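Trainee: I should like to learn how the features of a structural model are to be read. May we take them one at a time?

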Amino acid sequence: MRVYIAAFASLLAVVADGCGRPAAPAATPSRTSQLTGVWVAVGTFDDPAGPPPWQNTPWPANPPFTAWGEEQSRRLGDIKNVVPCQPGGPIFAMQDIGIFPIEILEAADRVVIKPENSALPRRIYIDGRPHPPDLEPSWMGHSIGRWEGDVLVVDTVGTSGRTRGMNGVGSNAKVSRDDSNPRLPVSDQLHLVERIRLVADGEMLEDEMTITDPKAYTRPLVLKHYWQRRPDIEVLEYYCGEKPRSSDEVVHAPAAGS
Amino acid sequence: MRAVLISLALVAVGAPLDAHHSFAAFDRSKEVTLTGVVREVQWNNPHTWIQVLVADGKGRQTEWGFECGSPNMMSRTGWKRTTLKEGDRVVVVGNPLKDGRPNALLVRITLPDGRVLGPGDAPAPKPLAKR
C-alpha cells in the first residue's frame, strides 16, 4: 500500500507542477523498498565463499543424509542423469558464485525475486495470506513473508522435489571448487525458512537459510549466502534452452582446402 | 608452416574432485595451450563455444572446441559478440576433455590485439564503501 501511495503522490506532484504550483518533495523510499535492485552473489569458481567478512557458508562435505537423500545425491551427481536446463528451485536460486545476478522487486503486497539463470521467479507474498491448504506442488514452491524489524522472514513450502540439486553449478559445464561436495537434493517435504536482511550499510544482502527436509536430511541445514548490490549491472535475458551443447560434443574440422 | 606449440601443464586447482563426482567431462588438473585460427564463434546460451583450427605443422589440422560461459557472463567481463571473428589468430588455454578428444573448457584466450580474456567468470566485486 505504501508503494501505491508513494506512486500516487508522485503523480499528484507532476500534475501540480504542470499547473504551475510548486511540486511536492519527492517521496523517500520506504525501508522495505530497499531490497529492490540487482544483486550479485559473492564468491567465484575458485573461491566460492568469497572474501571476508561476508562469506558464503560452505556446502557440507558430509551432509546428514537419510537413505533417500543419499540415493538422490548420487543420482544428481551422475552426469548421465543431468537434465539440461532443469529449474533449480528456491534454494538454488539464492546461491551463486557471482555469475548469475538476481533482481529483487518489492511491491506493497509481495517481493519478487527474478534470478537471471531461471525463467521462474520466486514470488513472496507479504500481505498476510497463509500458505494455501491444498497446495499444488511447484518448482519454486509457495512463499510467504513478514517483516520482523529489518529482517524479511520468508517461509517456503510446496516444492515439487523435481529440481536439480540445491547446490553446485547446474549444467556441469564448469566445475567450481565447491562441486567436490555432494549434490544436495530437495524433496517435496522441504520447509525453507529464510531470514533476509541488509548488512554493510545496505551494500550487502544476507540470506540465512534454514533448510528442513526430513525426507532428505536427518537434521536441518543452516547456511548463509551473501549478495552485493550492483546498480551497475543489469539482469539480462537468459534462455538456457536456446542451444545446449554437451561438453563432449566434438566438431570435426573441415578437410584442408574445402 | 611453423610448428605449433602444444604444451600440457599439470597445475594444481583446489581440492581434487573425488570419483563420486567425476561427472565433469573436463580435466581441471590439466591445461592445454594451443595456437590456432578461429573458425567459428557460437555465441549462444547456455554456453558460448569458440571453434579453433589448430595445425600440427605436418599439413594436418584439428578443430578444437572451447566451452565458455553464457554470453551474459562474458559480456560482463569484457566480451562482445564481435570480439572474435573467423580467421583471427589466437592463443588459447583450456582444461581438456578427460577422454583426450579435442574439446576444452576455456581458461583464457589471447586475442590478436594482445588482450587476454577469461571464459566469463564472476565480474570483479565492487569495493565496499567504508563502513
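Mentor: We shall discuss the chains, their interface, the cysteines and the salt bridges in turn. Please keep in mind throughout that this is a predicted model.

Trainee: Let us begin with the fold of each chain. What does the secondary structure of chain A come to?

Mentor: Chain A contains 3 helices and 9 strands. Read from the N terminus, its elements follow the order α-β-α-α-β-β-β-β-β-β-β-β.

Trainee: Which elements make up chain B, and in what order do they run from the N terminus?

Mentor: Chain B has 1 helix and 7 strands, arranged from the N terminus as β-β-β-β-α-β-β-β.

Trainee: How many residues does each chain have, and what percentage of them is buried?

Mentor: Of the 258 residues in chain A, 48% are buried. In chain B, buried residues account for 49% of 131.

Trainee: What do the contacts within each chain say about separation in sequence?

Mentor: Consider contacts between residues at least 6 apart in sequence. In chain A, 61% of these join residues at least 24 apart; in chain B, 55% do.

Trainee: I turn to the interface. How is its size to be expressed?

Mentor: The accessible area that is lost when the parts come together is often quoted as the size of an interface. Here, chain A and chain B bury about 4200 Å² between them, and 56% of that area lies on carbon and sulfur atoms.

Trainee: How many residues does the contact take from each chain?

Mentor: Chain A contributes 56 residues and chain B contributes 49 residues.

Trainee: How many polar contacts and salt bridges are found between chain A and chain B?

Mentor: The interface has 16 residue pairs in polar contact, counting pairs with both residues at pLDDT 80 or more. The count of salt bridges between the two chains is 3.

Trainee: Which elements of chain A supply at least two residues each to the side that touches chain B?

Mentor: Helix 2 (67-77) and strand 9 (221-229) of chain A each do so. By class, that side of chain A comprises 24 nonpolar, 12 polar and 20 charged residues.

Trainee: Why do salt bridges form at all?

Mentor: Side chains that carry opposite charge can pair when their charged atoms come close. One case across the interface is A:Glu116 with B:Arg76, whose closest N and O atoms are 2.7 Å apart.

Trainee: Where do the partners B:Lys126 and A:Glu203 lie?

Mentor: The side chains of B:Lys126 and A:Glu203 meet in a salt bridge with an N to O distance of 3.5 Å. This pair crosses between chains: B:Lys126 is in the segment after strand 7 (116-117) of chain B, and A:Glu203 is in the loop between strand 7 (191-199) and strand 8 (204-212) of chain A. B:Lys126 is partly exposed, at 25% relative accessibility.

Trainee: How many salt bridges does the structure hold over all chains?

Mentor: The total over all chains is 16. Among them is the pair A:Arg230 and A:Asp232, with the closest N and O atoms 2.9 Å apart.

Trainee: Is A:Arg230 buried or exposed?

Mentor: A:Arg230 is buried, because its relative accessible area of 5% is under 20%.

Trainee: What may be said of B:Glu40 and B:Arg39?

Mentor: Their side chains form a salt bridge, at 3.6 Å from N to O. B:Glu40 is partly exposed at 30% relative accessible area, and B:Arg39 is partly exposed at 25%. Salt bridges with shared partners also link A:Arg146, A:Glu148 and A:Arg195 into one network.

Trainee: Finally, the cysteines. Which residues does a disulfide join?

Mentor: A search of the whole structure gives 1 disulfide over all chains. The bond connects A:Cys85 and A:Cys240, with an S to S distance of 2.0 Å. The link is left-handed, with -70 degrees about the S-S bond.

Trainee: Which parts of chain A does this pair tie together?

Mentor: A:Cys85 is in the loop between helix 2 and helix 3 (89-93), and A:Cys240 is in the segment after strand 9, so the disulfide ties together parts 155 residues apart in sequence. A:Cys85 is partly exposed at 27% relative accessibility, whereas A:Cys240 is buried at 15%.

Trainee: Why is B:Cys68 without a bond to A:Cys240?

Mentor: The closest cysteine sulfur to that of B:Cys68 belongs to A:Cys240 and is 16 Å away, which is too far for a bond. B:Cys68 is buried, at 4% relative accessibility.

Technical notes: Residues are numbered from 1 along each chain as its sequence is written. Chains are lettered from A and ligands numbered from 1 in the order in which they are written. This is a predicted model: local features need pLDDT of at least 70, side-chain atom pairs count only at pLDDT 80 or more; totals for chains, interfaces and linings use all residues. Side-chain values use heavy atoms; hydrogens and water are left out. Contact means heavy atoms within 4.5 Å. Buried area is the accessible area (1.4 Å probe) that two parts lose on being put together, summed over both. A salt bridge is a side-chain nitrogen of Lys or Arg within 4 Å of a carboxyl oxygen of Asp or Glu. A polar contact is a pair of N or O atoms within 3.5 Å; within protein, one must be able to donate a hydrogen and the other to accept it, and residues adjacent in sequence count only if both atoms are side-chain atoms. Helices (H or I, at least four residues) and strands (E, at least two) are DSSP runs, numbered from the N terminus. Ala, Val, Leu, Ile, Met, Phe, Trp, Tyr, Cys and Pro count as nonpolar, Asp, Glu, Lys and Arg as charged, and the others, Gly among them, as polar. A disulfide is a pair of cysteine sulfur atoms within 2.5 Å. Buried means under 20% relative accessible area, exposed over 50%, partly exposed in between (1.4 Å probe, protein chains only).
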